[in-house]
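The following note sets out numbered points on the model under review. It is intended to be read beside the structure.

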Protein chains: 2
Amino acid sequence: MPNTVINTMEEIEEILEERGVRPTTMRLLIYKFLSEKRVALSLKDLENKFDRSDRTTLFRTLKTFEDKGIVHQIDDGSGVNKYAVCALECNCEIENDLHLHFHCNTCNETTCLTDHKIPQISLPAGYSAENVNLVVKGVCEKCS
Amino acid sequence: MPNTVINTMEEIEEILEERGVRPTTMRLLIYKFLSEKRVALSLKDLENKFDRSDRTTLFRTLKTFEDKGIVHQIDDGSGVNKYAVCALECNCEIENDLHLHFHCNTCNETTCLTDHKIPQISLPAGYSAENVNLVVKGVCEKCS
DNA sequence: AAATGAGATGCAACAGAAGTGCATTCTTTT
DNA sequence: AAAAGAATGCACTTCTGTTGCATCTCATTT
């Protein structure tokens, strides 16, 4: 979830270290960029922003962040993976952090609607859920 | 949705013609194959089945079917697009055909749970929904 | 401070899926 | 049968994601 709070570099450094990620300059900048955006970002978005850094570095940074629970990946159906920083309490667990995502067909932006939890879903007998992905597509506030 | 009913070739021919799709031999076979499967199929699945036909033909057949409302596309988060034949009454409209999809992490199969409609979702002011995609991941009946 | 070593970064190359242009073949219509 | 239009097949391109390996950076140890 994109934080509305802007973190200082010192705070970001703490966040990364808490999760066992070495706070390099690039990682701090990438985290800062992600956390300032209200929307989920793709690798391409990072490439455009950090054009002096290599694709691979950005790619691996996202993977590292994901592995360590710093960002979560979003599949909004656009065909490219997007990422948003997790809320503080978020453990990306099925019980407590399954919010829905809204994908705007006009501006192509994907927003985390953290306040909108996914309703309880009943499954047929024999099926067990581990994860739920709910993406609503339409027109966002900005574009309507 | 994969029909449980097996259609005769004559019936399939009617279905295609009703939708304005010329019922060529390949298209009949592809529809038949799709409709006999309980699960959504990828382009690769069709390639494996119809190895004497060209990828492009299969690709374009799926696109044509999708455009004409004969199949619906499913993004189950596996990274590849999958397709399943629509139910008879399905117009892929938000009001009446939004069922959920279940993706099994073990067998990698995606099933349409047509009986499980997507619950009503409330959106913040200014947002309007055109489409909803709900994929539950976990372990299916067969694999549990 | 210099050496060491682990981790981070950059470059190149690859893999898989999706998509397009064009020539050829098939079907339907006249 | 000829013509027109649609379907198919082949080759090629693009885009995203991914990996291997060499190099660089930084923290730690001596």
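**Note on the protein–DNA model**

1. H4(A) gives the most to the surface near DNA strand D, contributing five residues. The model is a predicted one, and the points below should be read accordingly.

2. In total, 18 residues surround DNA strand D. Those that come closest are Arg55(A) and Asn81(A) from one chain and Arg27(B), Thr57(B) and Arg60(B) from the other. Of the atoms of DNA strand D that come within 4 Å of the protein, sugar and phosphate account for 60%.

3. Three polar contacts to DNA strand D may be examined individually. One involves the backbone of the DNA: a phosphate oxygen of DNA strand D is 2.7 Å from an N or O atom in the side chain of Arg27(B). Two involve bases. A polar side-chain atom of Arg60(A) lies 3.2 Å from a base oxygen of DNA strand D, and an N or O atom in the side chain of Thr56(B) is 3.2 Å from a base nitrogen of that strand. The elements that supply two or more residues to the surface near DNA strand D are helix H3 (43–49) and helix H4 (55–67) of chain A, along with helix H2 (25–36) and helix H4 (55–67) of chain B.

4. What is the make-up of the surface near DNA strand D by residue class? Eight of its residues are charged, six are polar and four are nonpolar.

5. Turning to DNA strand C, 19 residues lie around this strand. Thr24(A), Arg27(A), Thr57(A), Arg60(A) and Arg55(B) come nearest. Sugar and phosphate make up 64% of the atoms of DNA strand C that come within 4 Å of the protein.

6. For DNA strand C, two phosphate contacts come from chain A. An N or O atom in the side chain of Arg27(A) is 2.6 Å from a phosphate oxygen of DNA strand C, while a polar backbone atom of Asp54(A) is 3.4 Å from a phosphate oxygen of the strand. A base is also contacted: a base oxygen of DNA strand C is 3.2 Å from an N or O atom in the side chain of Arg60(B). Two or more residues each are given to the surface near DNA strand C by helix H2 (25–36) and H4 of chain A and by helix H3 (43–49) and H4 of chain B.

7. Which element provides the largest share of the surface near DNA strand C? That share, five residues, comes from H4(B). By class, the residues near DNA strand C divide into nine charged, six polar and four nonpolar.

8. How are the two protein chains related? Chain A is superposed on chain B by a rotation of 179° with 0.0 Å of shift along its axis, at an RMSD of 0.1 Å. This is therefore the relation of a two-fold axis. The C-alpha of chain A nearest the axis belongs to Leu134(A), 2.2 Å away from it. Both copies use the same surface, since 100% of the contact residues of chain A recur in chain B.

9. Within chain B, the axes of helix H1 (residues 9–18) and H2(B) come within 10 Å and cross at roughly 105°. H1(B) and H2(B) are therefore roughly perpendicular to each other. H1(B) contributes Met9(B), Ile12(B), Glu13(B), Ile15(B) and Leu16(B) to the contact, and H2(B) contributes Arg27(B), Leu28(B), Leu29(B), Tyr31(B) and Lys32(B). Seven residues of this contact are nonpolar and three are charged, with no polar ones. Arg27(B) thus takes part in the helix contact and is also among the residues closest to DNA strand D.

How values were computed. Residues numbered from 1 in each chain as written. Chains lettered and ligands numbered in written order. Predicted model: local features only at pLDDT ≥ 70, side-chain atom pairs only at ≥ 80, totals over all residues. Heavy atoms only, no water. Near = heavy atom within 4 Å. Polar contact = N/O pair within 3.5 Å; in protein donor to acceptor, adjacent residues only side chain to side chain. Helix = DSSP H or I, 4+ residues; strand = E, 2+ residues; numbered from the N terminus. Nonpolar A, V, L, I, M, F, W, Y, C, P; charged D, E, K, R; others polar. Axes fitted to C-alpha atoms, helices over the stretch in contact; angles between N-to-C directions. Parallel < 35°, antiparallel > 145°, perpendicular 65-115°, else oblique. Contact = heavy atoms within 4.5 Å. Least-squares fit on C-alpha atoms with pLDDT ≥ 70 in both.
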